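Q: Could you take one part of this model and look at it closely, then place that part within the rest of the chain?

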Amino acid sequence: MSVAESLDLPAIARAADALAAGGLVAFPTETVYGLGADAENPAAVARIYEAKGRPSDHPVIVHVAPGADLSHWSDALPPAAQQLVDAFWPGPLTLIVKRAAHIPDAVSGGQDTVGLRCPSHPVAIALLRAFKGGQGGLAAPSANKFGNVSPTTAQHVRDEFEAELASGLLVDVLDGGQSDVGIESTIVDLSRLATHGSVLLRPGHISSEQIAAVIGVLPGLPDAAAPRASGTLESHYAPHTPVAMQHTDQLAQTLELLRKAGHRVALIHYSDLPPASASVRLRAEPEHYAHALYASLRAMDQADAALILVEAPPTTAAWLGVNDRLRRAAFGSAGILQQFLAQ
Ligand code: TXA
Ligand code: MG
């Protein structure tokens, strides 16, 4: 669907009204689809947790319109935050900053910080401008059930929330076509600059190197003892079918062994390989791969296979976001390949 077709302004205005009345509306962003609610209405935010089946101590990102007054959300915005806003918004970067006192605990997960992001998808921007005259914020996690693969099309969201759409808990799903970036925003924590510096909580399309080029220093890595982002839970973004990753040079032999043992295998690859029961071939180019990754995982999850086998992508910096999501998708399946091969 082209952007012009997807900018259905009357539908966006109705969605903004439903959100202002405390309802849930899913909307497209350039990263993944979000499940939105009025960030300043605790009852509305509680409905997000109910619909997602997500623990309520997990904070959600607040989405704001371009040019929004950020002092409404944070009374301690460091200069680095403004520099990053100027460089990357609207776009796939979330900033964690100290929160203003009036932000509901349901948004901040009870922490003293808030995640802020201005998305670049034209439907998201039109919705944010229509909602409370552009002065509000939409709390929106990815529009998937807790732990599942994030949605990159409106149909993924409708599939995932069929019951909630029928019951009216989810009022509407705005359709903006397939998300461009395909993996969730980069998250950088600027809330403890004096003691911890900036910290990369989640890798994404905007790289640490790009952030360093703006603020002058590379973000550090998170303190393993303090997992603050649900996107950093190991078992996130997982399909229902077990996922195993393997390097290119071993894959042909593994496929042959699994075929001989009678296992149905779904393959996500980029090299020339023997056929599997089902497969998706992606280009070995990180932006293309990220764009198609979640839709490919969903498709292979529906291929009736015993195993999703993924050809391990390169490990250079440009592939950090993709490798992070693949590692999480495969986390719960550690050792699964050995089990299949032993049978
Ligand atoms: O690209 C994205 O960021 C998408 C789209 C819809 O904008 N949203 C998204 O939301 O991925 P969600 O909730 O699935 O992931 C947001 C991550 C979570 O891991 C959450 O814990 C973290 O951001 N987060 C939000 N607020 C935070 C805060 N105050 N401190 C630390 N982490 C925070
Ligand atoms: Mg998510």
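A: This is a predicted model, and a useful place to begin is Lys 132, which is partly exposed because 16 other C-beta atoms lie within 10 Å, a count that falls between the 12 or fewer of an exposed residue and the 20 or more of a buried one. Lys 132 sits in the loop between α6 and β6, and its phi is near 50°, a positive value in a residue other than glycine. Most residues other than glycine have a negative phi. The position matters for reading the helix, since Lys 132 follows α6.

Helix α6 itself is mostly covered, with seven of its nine residues buried. The buried residues of α6 are Val 123, Ala 124, Ile 125, Ala 126, Leu 127, Leu 128 and Ala 130. In soluble globular proteins, nonpolar side chains tend to be buried together. In this chain the largest nonpolar core has 67 residues, and Ala 26, Leu 127 and Ala 139 are those with the most contacts inside it. Helix α6, residues 122-130, gives this core its largest share, seven residues. Leu 127 can be followed outward from the helix: leaving out residues up to four places away in sequence, Leu 127 touches Ile 12, Ala 15, Ala 16, Phe 27 and Leu 174.

Another helix, α3 (residues 42-52), can be read in a similar way, with Ala 44, Val 45, Arg 47, Ile 48, Ala 51 and Lys 52 buried. These residues lie on the same side of α3, because they cover an arc of only 145° around the axis. An α-helix has 3.6 residues a turn, so residues three or four places apart point the same way. The cover over the buried residues of α3 includes the strands β1 (24-27), β2 (34-38), β6 (138-139) and β7 (170-173), together with the helices α5 (105-108) and α8 (162-167). After α3 comes Gly 53, which has a positive phi near 70°.

Two further backbone details deserve a check in the viewer. The peptide bond from Trp 89 to Pro 90 is cis, with omega near -10°, and Pro 90 lies in the loop between α4 (79-88) and β4 (93-98). Most peptide bonds are trans. Asp 304, which is not a glycine, has a positive phi of about 60°, and Asp 304 belongs to the loop between α12 (286-301) and β13 (307-311). Asp 304 counts as exposed because 10 other C-beta atoms lie within 10 Å, whereas Lys 132 is partly exposed.

Strand β13, on the other side of that loop from α12, contains Leu 309. Leu 309 is buried because 27 C-beta neighbours lie inside 10 Å. Apart from neighbours within four places in sequence, Leu 309 is in contact with Ala 244, Gln 246, Thr 254, Val 265 and Leu 267. For one of these residues, Leu 267, the C-alpha atom is 4.9 Å from that of Leu 309, although the two residues are 42 residues apart in sequence. A second core, separate from the largest one, has 32 residues and includes Val 149, Ile 183, Leu 307 and Ile 308.

To place these parts in the whole, the chain is divided into domain 1 (3-232) and domain 2 (243-342). The centres of domain 1 and domain 2, taken over C-alpha atoms, are separated by 29 Å. Where the domains meet, 14 residues of domain 1 are in contact with 14 residues of domain 2, and on the domain 1 side the residues in question comprise four nonpolar, eight polar and two charged.

Over the full length there are 14 helices and 13 strands, and the C-alpha trace spans about 60 × 45 × 35 Å along its principal axes. The radius of gyration of the chain, 20 Å, agrees with the value near 20 Å that a compact globule of 343 residues would have. Buried residues make up 48% of the 343 residues. Among contacts with a separation of 6 or more, 69% are between residues 24 or more positions apart.

Note on methods. Residues are numbered from 1 along each chain as its sequence is written. Chains are lettered from A and ligands numbered from 1 in the order in which they are written. This is a predicted model: local features need pLDDT of at least 70, side-chain atom pairs count only at pLDDT 80 or more; totals for chains, interfaces and linings use all residues. A nonpolar core is a set of buried Ala, Val, Leu, Ile, Met, Phe, Trp, Tyr and Cys residues joined through C-beta atoms within 7 Å. Helices (H or I, at least four residues) and strands (E, at least two) are DSSP runs, numbered from the N terminus. Two residues are in contact if their C-beta atoms, placed from the backbone, lie within 7 Å. The arc is that of the directions from the helix axis to the C-beta atoms. Domain bounds come from an automatic or database domain assignment. Ala, Val, Leu, Ile, Met, Phe, Trp, Tyr, Cys and Pro count as nonpolar, Asp, Glu, Lys and Arg as charged, and the others, Gly among them, as polar. The radius of gyration is taken over C-alpha atoms; the globule rule is 2.2 Å times the number of residues to the power 0.38.
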